[in-house]
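Hi everyone, thanks for coming. Let's take a few minutes to walk through one structure together, and please have the picture open as we go.

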Amino acid sequence: MAAVTTRGLIIILVVIVLVLGCACIGAALALARKLDALHTRIGKTRTFLNRTLIARARQSLQVAQSGVLDVASSMVLIDAAQECLLAADDPLVDDSLDSIVIYGTPMRQQVELPSRRRLQAESSLSRALRATVDELQDSDLTADDRSRITELNNTRLSLRLARTFHNADVGRVRQLRRHVLARIFPLAGHVAAPTTIDMDDE
């Protein structure tokens, strides 16, 4: 009877361990899927942000060269926009998720470019826009001026929203990576923890 009882307890313990193991594996897989989805969304948002930043710089140049601003303001805006376009190949952050691959001889090299110059240039353009375009009076604008400035302002709004969503997703990834299961299992693989994009985009 004791042997039967012992055997029964062992079976129960084995079943409990299996159930808990399956539950942990299921939870780990669900967590891994969430991390993968967030990493993918962060990558897509960065691609969108990059395109939007380039569009903002080009639209700023168009406004600066349209004659709607005075000469001094035009020069300030042109300089700021051109700096952004010169830095457009730099990554937005240095977390290795964004990289430029250079194919050289005799081997392939992966080079991480610093993001500091890029974000400084973009922040400078934001300040230049506030000091120039945002100071224009609507009554002084032609229909073409309004059209160009409206397009530019829509791009600026898209930039702010996308950066907000990006940084919120980065925060969620960091939180998930602190989960006990993420510490036990290598759920994120060798992917570096993403970094927020911090710049002046007002």
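Let me start with a definition: the expected span of a helix is 1.5 Å times one less than its number of residues. Keep in mind that what you see is a predicted model.

Now let's try that rule on helix H2, residues 71-86. How far apart should its ends be? H2 has 16 residues, so at 1.5 Å a residue it should span 22 Å, and its end C-alpha atoms are indeed 22 Å apart, which agrees.

Stay with H2 for a moment. At its N-terminal end, Asp70 acts as a cap: one of its side-chain oxygens lies 3.1 Å from the backbone nitrogen of Ala72. Further along, the buried residues of H2 include Leu77, Ile78 and Cys84.

Leu77 takes us to the core. The largest nonpolar core has 19 residues, and Leu77 is among those with the most contacts inside it, along with Val63, Leu125, Leu129 and Val133. Which helices supply it? H1, H2, H3 (116-131) and H4 (143-177) each give at least two residues, and H2 gives the most, with 5. In soluble globular proteins, nonpolar side chains tend to be buried together.

The surface has something for us too. Leu9, Ile12, Leu13 and Ile16 form a nonpolar patch there, with about 380 Å² of accessible area together. Leu9 belongs to helix H1.

Lys34 is found in H1 as well, within residues 2-64. Is Lys34 buried or exposed? The cut-off for exposed is over 50% relative accessible area; Lys34 has 51%, so Lys34 counts as exposed. Lys34 and Leu176 are 142 residues apart in sequence, yet their C-alpha atoms are 8.4 Å apart in space.

Thanks for listening!

Terms used
Residues numbered from 1 in each chain as written. Predicted model: local features only at pLDDT ≥ 70, side-chain atom pairs only at ≥ 80, totals over all residues. Heavy atoms only, no water. Helix = DSSP H or I, 4+ residues; strand = E, 2+ residues; numbered from the N terminus. Buried < 20%, exposed > 50% of the residue type's maximum accessible area, 1.4 Å probe, protein only. Polar contact = N/O pair within 3.5 Å; in protein donor to acceptor, adjacent residues only side chain to side chain. Patch = residues over 30% accessible without salt bridge, like charges linked within 9 Å, V, L, I, M, F, W, Y side chains within 5 Å. Areas by Shrake-Rupley, 256 points an atom, 1.4 Å probe, with all protein chains shown as cover. Salt bridge = Lys/Arg side-chain N within 4 Å of Asp/Glu carboxyl O. Core = buried A, V, L, I, M, F, W, Y, C linked by side-chain atoms within 4.5 Å.
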